[in-house]
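The following exercises concern side-chain contacts and accessibility in a protein structure. Each task is followed by a solution in steps.

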Amino acid sequence: MDSRFTDRRRFWSLILFLSLTFASPVLAVEITFDEIAGQTIDLHVCGVVVSGSDDVLTDAGLGIAGGFGTSMVDGTEWIEFEFDAPQLGVQIDVIDALDIDGDGISGRMLVEAFDATGASMGFQLIQEAGTKDLAAIYGGASMSRFVMTALGDASRITRLGYDETGAVEIDLVGGGYVDLAYPAPTICGVRFVGSSQIYFVDGQSGGNAGMGVVGGEDALMLDGSEWMRLEFPYPVDELVLESLLFGLDADFFYGEAVLFAYDDLGQSLGSMSLQRHSLFGGPVAQTVDVVTALGAGGIKEIEILSLGDGRRLDRVIYAPEPSMGTGAALISLAAFARRRSRKVAAGA
């Protein structure tokens, strides 16, 4: 074999290795718990399941039912965060820390973290309010879950952030979101913008759950000629939308709309029709694999334009291009390959 070819191959192999190892980090997913309200056994939001020693309460942050303060983790209570896929760059914000046991130290908690295989990485002590960089504390290892146990004091948690290495699921129906309208909320790293304010409500609050745009025939839907835009933190190669469709124009088509997709330069990646036909009435559910339907990845932004019918967005699942990794690029590539192989096997 030509030695020059061998040298070139080694050179490009080295470049590939370095790019995977030292690439710029992806933008982190951020979950702000102070915008969620309610009480539940567990809370599944943005790719994380939150559970605890009792019901999880969300009131200007996370807490556990009972104890000194129901909106705090206190006494001997514990709270657990379990990721849908192992993640890197995990940080958590403690906004309030109280010295309940009178020892002069506020918010003492014992943290146990578990690696990607589920094995314990040991215990660490945190205290006082502020941002806790768990990734740094545990040497940058990938985490599958971690548990925080109060040591006689009280703490309120308001934010969890991580560098996304697996698919992120935004559950707009069962994710604990309250009945709120925002001009342009950012949820799980995705910015939502509409022709008017964005409205979303959890199914536990009653009524039609999901996300819509204020105004139109129904203030809680995307209807009439309203539009909604989803801006992702980075180009994505996996994007699934789940919606509930309504027929408002008296034909047999429900949720008639058009979806437009754009890359990170604002160039069009194509468009597609969104609708379902039903002879048996509605509303009807719809799941759309946008990447497969358009035959294009690298989606940075989508816009959905209603064509007279109504729809409520229930769930968004997205994952980055496999080239977006940090030191976790190999993990991200492997996870992407597994997801794509499942789709191929299913005939997607």
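**Exercise 1.** Classify Arg229 as buried or exposed, then trace its salt bridges.

*Solution.* Step 1. In this predicted model, Arg229 has a relative accessible area of 17%. Buried means under 20%, so Arg229 is buried.

Step 2. One salt-bridge partner of Arg229 is Glu231, with an N to O distance of 3.0 Å. Glu231 is likewise buried, at 18% relative accessible area.

Step 3. Arg229 also meets the side chain of Glu301 in a salt bridge, at 3.7 Å from N to O. Because Glu301 belongs to strand β22 (residues 299-306) and Arg229 to strand β18, this pair ties together parts that are 72 residues apart in sequence. Glu301 is partly exposed, its relative accessible area being 24%.

Step 4. These contacts belong to a network of salt bridges that links Arg191, Arg229, Glu231, Glu301 and Glu303.

**Exercise 2.** Determine which parts of the chain the salt bridge between Glu80 and Arg145 ties together.

*Solution.* Step 1. The structure holds nine salt bridges; one of them joins the side chains of Glu80 and Arg145, at 2.6 Å from N to O.

Step 2. Glu80 is in strand β6 (residues 78-98) and Arg145 in strand β10 (residues 143-150), so the bridge ties together parts 65 residues apart in sequence.

Step 3. Glu80 counts as buried at 14% relative accessibility, whereas Arg145, at 23%, counts as partly exposed.

**Exercise 3.** Identify the cysteines that form a disulfide, and describe their link.

*Solution.* Step 1. A search of the whole structure yields one disulfide. Its partners are Cys46 and Cys188, whose sulfur atoms are 1.6 Å apart.

Step 2. The pair links distant parts of the chain, 142 residues apart: Cys46 is in the loop between β2 (38-45) and β3 (48-58), and Cys188 is in the loop between β14 (186-187) and β15 (190-194).

Step 3. The angle about the S-S bond is -65 degrees, and the link of Cys46 and Cys188 is left-handed.

Step 4. Cys46 counts as buried at 1% relative accessibility, as does Cys188 at 2%.

**Exercise 4.** State which residues lie closest to the centre of the largest cavity.

*Solution.* Step 1. There are two cavities of 30 Å³ or more, and the largest has a volume of about 80 Å³.

Step 2. Of the 13 residues that line the largest cavity, Leu241, Ser243, Ile304, Arg311 and Leu313 are the closest to its centre.

Step 3. The elements giving two or more residues to this lining are β18 (227-246), β21 (284-289) and β23 (310-320).

Note on methods: Residues numbered from 1 in each chain as written. Predicted model: local features only at pLDDT ≥ 70, side-chain atom pairs only at ≥ 80, totals over all residues. Heavy atoms only, no water. Disulfide = S-S within 2.5 Å. Helix = DSSP H or I, 4+ residues; strand = E, 2+ residues; numbered from the N terminus. Buried < 20%, exposed > 50% of the residue type's maximum accessible area, 1.4 Å probe, protein only. 1 Å grid on protein atoms, 1.4 Å probe; cavity = no way out; pocket = protein on both sides within 12 Å on 5 of 7 lines; lining within 4 Å. Points joined across faces, edges and corners; volume = space filled by probe spheres on them. Salt bridge = Lys/Arg side-chain N within 4 Å of Asp/Glu carboxyl O.
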